[in-house]
Amino acid sequence: MPRQRIHVQLDGLVAVHAVRAVWTALGAVPGVLSAEVTMQGAVLEVEGDLDRPALDAALDAAGVSVRGIRVEARVLPVL
C-alpha cells in the first residue's frame with residue numbers, strides 16, 4: 001500500500017498536555033504509522049487511505065477538531 005504524508009490543522013489545542021492527548025488518540029486511527037503533533041497541528045504518515053471518520057472520532061475524544069487537511073502531493077516509498 002502506498003504511504004502518504006498528511007498535514008492536519010487542529011482547533012482546540014490550547015495547552016501543552018493536549019498535544020500528548022492528540023498524539024495518543026492518533027495511534028488509534030487505522031493506517032496511521034506515525035504522527036508529529038505540535039500546538040499548530042499534526043503531520044501524519046499514513047499507509048493507504050486515511051479513515052476520516054476514525055480520525056474525527058479520535059480527535060473528538062482528545063478534545064480537538066479538524067480545521068483543515070492537506071495531503072502532500074508525493075507518495076512516500078514503502079521501505
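These are my notebook entries on the salt bridges and strand pairing of a predicted model.

**Entry 1. Salt bridge count**
I searched the whole structure for salt bridges and recorded three. I then took each pair in turn.

**Entry 2. Arg 3 and Glu 45**
I looked up the contact between Arg 3 and Glu 45 and noted a salt bridge whose closest N and O atoms are 3.1 Å apart. Arg 3 belongs to strand β1 (residues 3-11) and Glu 45 to strand β3 (residues 41-47), so this salt bridge ties together parts that lie 42 residues apart in sequence. I next asked whether Arg 3 is buried or exposed. Its relative accessibility is 19%, so I entered Arg 3 as buried, the cut-off being under 20%. Glu 45, at 17% relative accessibility, is also entered as buried.

**Entry 3. Arg 67 and Asp 11**
I found a salt bridge between Arg 67 and Asp 11, with 2.9 Å between the closest N and O atoms. This pair links distant parts of the chain, since Arg 67 is in strand β4 (residues 65-76) and Asp 11 is in strand β1, 56 residues apart. For Asp 11 I recorded a relative accessibility of 34%, which means that this residue counts as partly exposed.

**Entry 4. Asp 56 and Arg 52**
I turned to the salt bridge of Asp 56 with Arg 52 and noted 2.9 Å between the closest N and O atoms. Both residues lie in helix α2 (residues 52-61); they are four residues apart and therefore separated by about one helical turn. I checked the accessibility of each partner. Asp 56 has a relative accessible area of 33% and is partly exposed. Arg 52, at 36% relative accessibility, likewise counts as partly exposed.

**Entry 5. Strand β3 and its neighbours**
I returned to β3, the strand that holds Glu 45. How many of the residues of β3 are buried? I recorded five of seven, and β3 is thus mostly covered.

I then examined the pairing of β3 with β1. The two strands run antiparallel and are joined by seven bridges. Within this pairing, I noted Ala 42 in β3 as the bridge partner of Val 8.

β3 also pairs with strand β2 (residues 32-38), again in the antiparallel sense, over six bridges. Here I found Val 37 opposite Ala 42 of β3. Ala 42 therefore appears in my notes with Val 8 and with Val 37. Finally, I recorded that β2 and β3 form a hairpin, with two residues between the strands.

Technical notes: Residues numbered from 1 in each chain as written. Predicted model: local features only at pLDDT ≥ 70, side-chain atom pairs only at ≥ 80, totals over all residues. Heavy atoms only, no water. Salt bridge = Lys/Arg side-chain N within 4 Å of Asp/Glu carboxyl O. Buried < 20%, exposed > 50% of the residue type's maximum accessible area, 1.4 Å probe, protein only. Pairing = 2+ DSSP bridges.
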